[in-house]
Amino acid sequence: MLNQNLDLARNKMEQTLSFVDSELSKIRTGRANPDMFNKILINYYDNETPLNQVANISLMDGVTISIQPFDKTFIDEIEKAIVESDLGLNPSNNGNSIVISFPPLSTERREELVKFSSQIVEEGRISVRNIRRDTIQSVKKIEKEEKIPEDDMKRFSDDIQSLTDDFITKLNLSQSAKEKEILEI
């Protein structure tokens, strides 16, 4: 039963890590990254549809992305959605595809992105710690009802703390990698 709670906590922490990594991948670093367009929604036949489901998004080189809509009649809608997104990009529409060139980031912008990525990772750390706290609280309730031995509770507490430390370390590594990517010139 304690192992089930530990496995549940591990699964929740893995979801948190996946979410943080997904959010970090959306941060523009001066290099083109097709994943950053995943959150852009297009009004596609009266349905809000992710851009990557209505167009082929490909990397032309390190700083240029090409977006080719499956249905060319939506090219203006796609261009409008990109301009209105919070990505700060200026797409170029040639009638068949949209080409986006990424200008180099200024030093100030790089510092802002480092701070933003730090906030995302800190929210992940808080989430992992909350998972630990919630798991320990739920096990303490069970301990009172079912009289779990003190040694087992101590071992469980050590295991959940070790698991938490592992995920905090993984989050810190994700943050370091993203900061390095942002600060590369």
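**Notebook: helices, a small strand group and a ring cluster**

I began with helix H4 and noted that what covers its buried residues includes helix H1 (2-25) and helix H3 (107-146). Before going further I reminded myself that this is a predicted model, and I read each entry below with that in mind.

**Entry on H4.** I looked up the extent of the helix and found that H4 runs over residues 150-183, which makes 34 residues. From its first C-alpha to its last it reaches 49 Å, close to the 50 Å expected at 1.5 Å a residue. I then asked myself which residues of H4 are buried. The list begins with Met153, Phe156, Ile160, Leu163 and Thr164, continues with Phe167, Ile168 and Leu171, and ends with Ser174, Gln175, Lys178 and Ile182. Staying with Phe167, I saw that the charged end of Lys170 sits over its ring, 4.6 Å from the ring centre.

**Entry on H3.** I made the same kind of check on H3, whose 40 residues should span 58 Å at 1.5 Å a residue, and because its end C-alpha atoms are 58 Å apart, the two values agree. Just after H3 I came to Lys147, which takes a positive phi of about 55 degrees.

**Entry on strand E6.** I turned next to the strands and took E6, residues 98-101, as my starting point. Which residues of E6 make up the covered face, and which the uncovered one? Ile98 and Ile100 form the covered face, while Val99 and Ser101 form the uncovered one. I found that E6 pairs with strand E4 (residues 64-69) in the antiparallel sense over four bridges, and that Ile98 in E6 is the bridge partner of Ile67. Strand E5 (residues 92-93) also pairs with E6 in the antiparallel sense, over two bridges, and here I noted Ile98 as the bridge partner of Asn93. E5 and E6 form a hairpin with four residues between them, and in that turn Gly95 has a positive phi of about 95 degrees.

**Entry on the aromatic rings.** I counted ring pairs and arrived at three aromatic pairs. One of them joins Tyr44 and Tyr45, an edge-to-face pair with 4.9 Å from centre to centre and 70 degrees between the planes. Another joins Tyr45 and Phe74, again edge-to-face, with 5.0 Å from centre to centre and 70 degrees between the planes. I placed Tyr45 in the loop between strand E1 (41-44) and strand E2 (47-50), and Phe74 in the loop between E4 and helix H2 (75-84), so this pair ties together parts that are 29 residues apart in sequence. Ring pairs thus link Tyr44, Tyr45 and Phe74 into a cluster.

I also wanted to know whether Tyr45 and Phe74 are buried or exposed. Tyr45 counts as exposed because its relative accessibility is 54%, and the cut-off for exposed is over 50%. Phe74 has a relative accessible area of 12% and is therefore buried, since buried means under 20%.

**Entry on the loop between E1 and E2.** I went back to this loop for its backbone angles, and found that phi of Tyr45 is near 55 degrees, a positive value in a residue other than glycine. Asp46 is found in the loop between E1 and E2, and I noted for Asp46 a positive phi of about 65 degrees although it is not a glycine. With a relative accessible area of 73%, Asp46 is exposed.

Key. Residues are numbered from 1 along each chain as its sequence is written. This is a predicted model: local features need pLDDT of at least 70, side-chain atom pairs count only at pLDDT 80 or more; totals for chains, interfaces and linings use all residues. Side-chain values use heavy atoms; hydrogens and water are left out. The expected span of a helix is 1.5 Å times one less than its number of residues. Buried means under 20% relative accessible area, exposed over 50%, partly exposed in between (1.4 Å probe, protein chains only). Contact means heavy atoms within 4.5 Å. Two strands pair if DSSP finds at least two bridges between them. Rings of Phe, Tyr and Trp (its six-membered ring) pair if their centres lie within 6.5 Å; planes under 30 degrees apart count as stacked, over 60 as edge-to-face and the rest as tilted. A charge sits over a ring if NZ of Lys or CZ of Arg is within 6 Å of the ring centre and within 35 degrees of the ring normal.
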